[in-house]
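Reader: I have a structure open and I'd like to go through it with you slowly. Could you explain the terms as we meet them?

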Amino acid sequence: MNYKSGAILVLSGPSGAGKSSLLNEVINDIGECYFSISTTTRPMRQGEVEGVHYHFVDEEEFKKDIEQEQFLEYAFVHGNYYGTSLKPVKKALNDGKLVLFDIDVQGNTLVNNRLGDITTSVFISPPTLSELKKRLEARSTDEKEVIDRRVKMARKEIQRISEYDYMIINDNLAQAANTLRTIAKAARLKVPDSEINEFVQKWEDID
Ligand code: 5GP
């Protein structure tokens with residue numbers, strides 16, 4: 001795949017890491033961007049809106065989309081399917097936008113395999129496991145069993161931080177937001193392989 005001038009910024013981190021608050025904090029300061037709205041089979045949480053937080057579908061519909069190769073990547077997370085639709089991402093990249101993904105560690109691997117040369121990744125973590133538990137309990141939108149599953153997942157995910165370009169510890173929102181703004185700027189400046197090759201060829205011709 002070869003896209004004109006867009007770039008991808010992957011944000012991963014356990015549920016409860018504060019990814020959404022952090023994104024809301026910076027979204028108006030990082031230039032033209034497109035936040036990819038994932039499709040999921042997870043039940044809608046209180047306060048969530050179809051088409052804003054996710055596209056909520058049943059398993060049958062999700063599997064049909066898999067068959068029709070509609071997804072850039074998809075994964076089974078916490079007992080539900082989550083996937084990134086390819087079409088709007090392609091358009092945003094061709095429009096030169098910074099495309100933001102809130103996806104898990106499996107999704108990060110898949111996106112990097114396909115579009116690694118235009119992808120920058122950042123792992124967002126709460127300062128400690130006990131702080132994560134506190135945040136998930138305070139959110140109280142999930143059953144205890146769901147919270148336990150998310151905590152277990154978080155312990156696994158944290159082991160894979162080294163697969164990311166950057167890490168942000170979301171302890172102080174203002175500080176974390178500043179770091180994310182800087183990373184978003186750098187993500188836009190990442191030079192894809194195609195441009196490097198073109199530059200090298202032209203550069204040699206001039207000589
Ligand atoms: P939640 O259910 O809390 O909204 O999300 C659970 C996990 O699924 C989070 O780690 C989130 O980043 C991940 N996730 C959300 N959308 C996608 C997606 O499209 N692809 C993948 N691989 N993970 C996703």
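Author: Let me begin with a term: helices (H or I, at least four residues) and strands (E, at least two) are DSSP runs, numbered from the N terminus. Residues are numbered from 1 along each chain as its sequence is written. This is a predicted model, in which local features need pLDDT of at least 70 and side-chain atom pairs count only at pLDDT 80 or more, while totals for chains, interfaces and linings use all residues, and side-chain values use heavy atoms, leaving out hydrogens and water.

Reader: Okay, so where does S12 sit?

Author: S12 belongs to strand 1, and with a relative accessible area of 1% it is buried (under 20% relative accessible area; exposed is over 50% and partly exposed in between, with a 1.4 Å probe and protein chains only).

Reader: Which backbone oxygen does its side chain come up to?

Author: A polar atom in the side chain of S12 lies 2.6 Å from the backbone oxygen of I103. If neighbours within four places in sequence are left aside, S12 is in contact (heavy atoms within 4.5 Å) with residues including K19, D104, N108, V122 and Y164.

Reader: Now the inside. Which residues touch the most other members of the largest nonpolar core?

Author: That core (buried Ala, Val, Leu, Ile, Met, Phe, Trp, Tyr and Cys residues joined through side-chain atoms within 4.5 Å) has 19 residues, and the ones touching the most other members are L9, L11, L98, V122, I124, I168 and L180. At least two residues of this core come from each of strand 1 (7-12), helix 1 (19-26), strand 7 (98-102), strand 8 (119-125) and helix 7 (173-189).

Reader: And which element gives the most to it?

Author: Helix 7 gives the most to this core, supplying six residues. To see how one member is placed, take L180: not counting residues up to four places away in sequence, L180 touches L9, L11, L22, V26, V122 and I168. Another core lies apart from this one, with 13 residues that include L86, F101, I103 and V111.

Reader: There's a ligand too. How many residues surround it?

Author: The ligand is surrounded by 19 residues (a heavy atom within 4 Å of it), and S38, R42, Y54, Y82 and D102 are the closest.

Reader: What polar atoms lie beside it?

Author: An N or O atom in the side chain of S38 is 2.7 Å from an oxygen atom of the ligand, and an N or O atom in the side chain of R45 is 2.9 Å from an oxygen atom of the ligand. On a nitrogen atom of the ligand, the partner is a polar side-chain atom of E73 at 2.7 Å.

Reader: R42 was in that list of closest residues. Which side chain does it meet in a salt bridge?

Author: A salt bridge (a side-chain nitrogen of Lys or Arg within 4 Å of a carboxyl oxygen of Asp or Glu) joins R42 to E48, with N to O at 2.9 Å. Both of these residues are buried, and R42, R45 and E48 are linked in a network of salt bridges. R45 has appeared before, since its side chain also has an N or O atom 2.9 Å from an oxygen atom of the ligand.

Reader: How many salt bridges are there by that rule?

Author: The count comes to 12. One of these pairs is K134 with E131, whose closest N and O atoms are 3.5 Å apart. These two are separated by about one helical turn, because they stand three residues apart in helix 5 (residues 129-139). K134 is exposed at 55% relative accessible area, whereas E131, at 22%, counts as partly exposed.

Reader: Last topic: where is H78, and what is it in contact with?

Author: H78 sits in the loop between strand 5 (71-77) and strand 6 (80-85), and at 12% relative accessibility H78 counts as buried. Its C-alpha atom is 6.8 Å from that of R149, although the two residues are 71 residues apart along the chain. Leaving aside neighbours within four places in sequence, H78 is in contact with S15, R149, R150 and M153.

Reader: What is the phi of H78?

Author: Phi of H78 is near 50°, which is a positive value in a residue other than glycine. E69 is another residue that is not a glycine and has a positive phi, of about 55°. E69 lies in the loop between helix 2 (59-67) and strand 5, and with a relative accessible area of 65% E69 is exposed.

Definitions and conventions. Polar contact = N/O pair within 3.5 Å; in protein donor to acceptor, adjacent residues only side chain to side chain.
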